[in-house]
Amino acid sequence: MERSEKNRKNAEGMEVQRVERTSSSGTRGELSQLSQHGNFVKLFVGFVLVLGHLNALAALIGQLPGEYSDNQYGTLGAVLIMSGFTGAFVAGLVLERTKAYSQVLKFAYCASLLAWTFFLSMCSDNNFGPLTASAGLLGFSLLPIVPASIVNAVETVFPISGEVAVSVLYVGANTLAIPLTFIGQALLEMDSFGHAPLFPYALWVVSTFSIGLISVMLYEGHYMRLLQDEEIEKNLFNDDN
C-alpha cells in the first residue's frame, strides 16, 4: 500500500512538473515548438483545409449550381450540420473504445474526399433529393475529422499543452475560411467546364482537400499522453496486487 501511495504521488508530481514546464516556457515557446513539430504541422494543414472549406461552404451554399429556393438551401445546410453532429458523436464513441486515433482520422479524410466529390456531383437543377442525401453524407463524413484531429493533436504534441495546440488548429481554420470564401465566390461566378462536378469551385475544393488528405496520410502520430497514462495505471495496478 505504501508503494502504491508513493506511485500515486509520483504520478501527481509528474503532472505538476509538466504544468510547470508548460507555464515556464510560455505560449510563445509552445507555438515555436508546434511550428517545428512535423506531425502537428501535418495535422494542421489537413485540419485548416477541412474546417476552412466547411465554413466557406456555409456562406456559399446558396450560390452552388442549381436553381433552388432559400428554404431548400436552408434545408441542405440543416441536413449537413445535423448529420455532421451524428457523425462526430459516432466517431467519438469509436475513438473512446478503440483508441485507434490515427486510423479513424485517416479513414474520415478518405471518406470525406469521396463525400465532397459526390456532393459536388449532385449540384444541378431538379436534383434536390439526391443533393440533400449527398449533403447528409458529406456532413456525416466531415465532422468526425474534428474530434479525431483534436485527440490526435493532444496526444502527439504531449507534453506541450493540448489547449494551445487545439487553439492553433481552430484559429488557423477560421482564418483560412475567410480567403476560401472569397475565392469560392469568385470561382462560382465563373462559367462551368461541363456538367457537375466539372465547375471551377468543385475542382478547387477537391484539389485543395486532396492536399490536406496527403498531408494527413503522411502523419505518423504517437500517443504520448495515452502511453504515459497506461504506464502509470500499470504501475499502480501492480503495486495494488
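Leaving out neighbours within four places in sequence, leucine 142 is in contact (heavy atoms within 4.5 Å) with Val50, Leu54, Ser112, Trp116 and Phe209. A word on the basis for this: the model is predicted, local features need pLDDT of at least 70, side-chain atom pairs count only at pLDDT 80 or more, and totals for chains, interfaces and linings use all residues. Numbering runs from 1 along each chain as its sequence is written, and side-chain values use heavy atoms, with hydrogens and water left out.

How far can you trust the model? The pLDDT, the predictor's confidence in each residue from 0 to 100, has a mean of 84 over the protein, and 82% of the residues reach 70 or more. Over residues 1–24 the pLDDT is below 50, and this stretch has 18 contacts in the model beyond near neighbours in sequence. Where pLDDT is low, the predicted coordinates should not be read in detail.

Leu142 also belongs to the largest nonpolar core, a set of buried Ala, Val, Leu, Ile, Met, Phe, Trp, Tyr and Cys residues joined through side-chain atoms within 4.5 Å. That core has 59 residues, and Leu57, Tyr109, Trp116, Phe119, Leu142 and Tyr201 touch the most other members. H2, H3, H4, H5, H6, helix H7 (162–188) and H8 each give two or more residues to this core.

Two of these helices deserve a closer look. Helices are DSSP runs (H or I, at least four residues), numbered from the N terminus, and the expected span is 1.5 Å times one less than the number of residues.

| Helix | Residues | Expected span | Span between end C-alpha atoms |
|---|---|---|---|
| H5 | 15 | 21 Å | 21 Å |
| H6 | 13 | 18 Å | 18 Å |

Among the buried residues of H5 (buried means under 20% relative accessible area, exposed over 50%, partly exposed in between, with a 1.4 Å probe and protein chains only) are Leu131, Ala135, Leu138 and Leu142. The buried residues of H5 pack against helices H2, H3, H4, H6 and H8. In H6, 11 of the 13 residues are buried, so this helix is largely enclosed by the rest of the structure.

Now the rings, which pair if the centres of Phe, Tyr or Trp rings (six-membered for Trp) lie within 6.5 Å; planes under 30 degrees apart count as stacked, over 60 as edge-to-face and the rest as tilted. The whole structure holds six aromatic pairs. One of them, tilted, joins phenylalanine 40 and phenylalanine 44 at 6.5 Å centre to centre and 35 degrees between the planes. Phenylalanine 40 is buried at 3% relative accessibility, whereas phenylalanine 44 is partly exposed at 26%.
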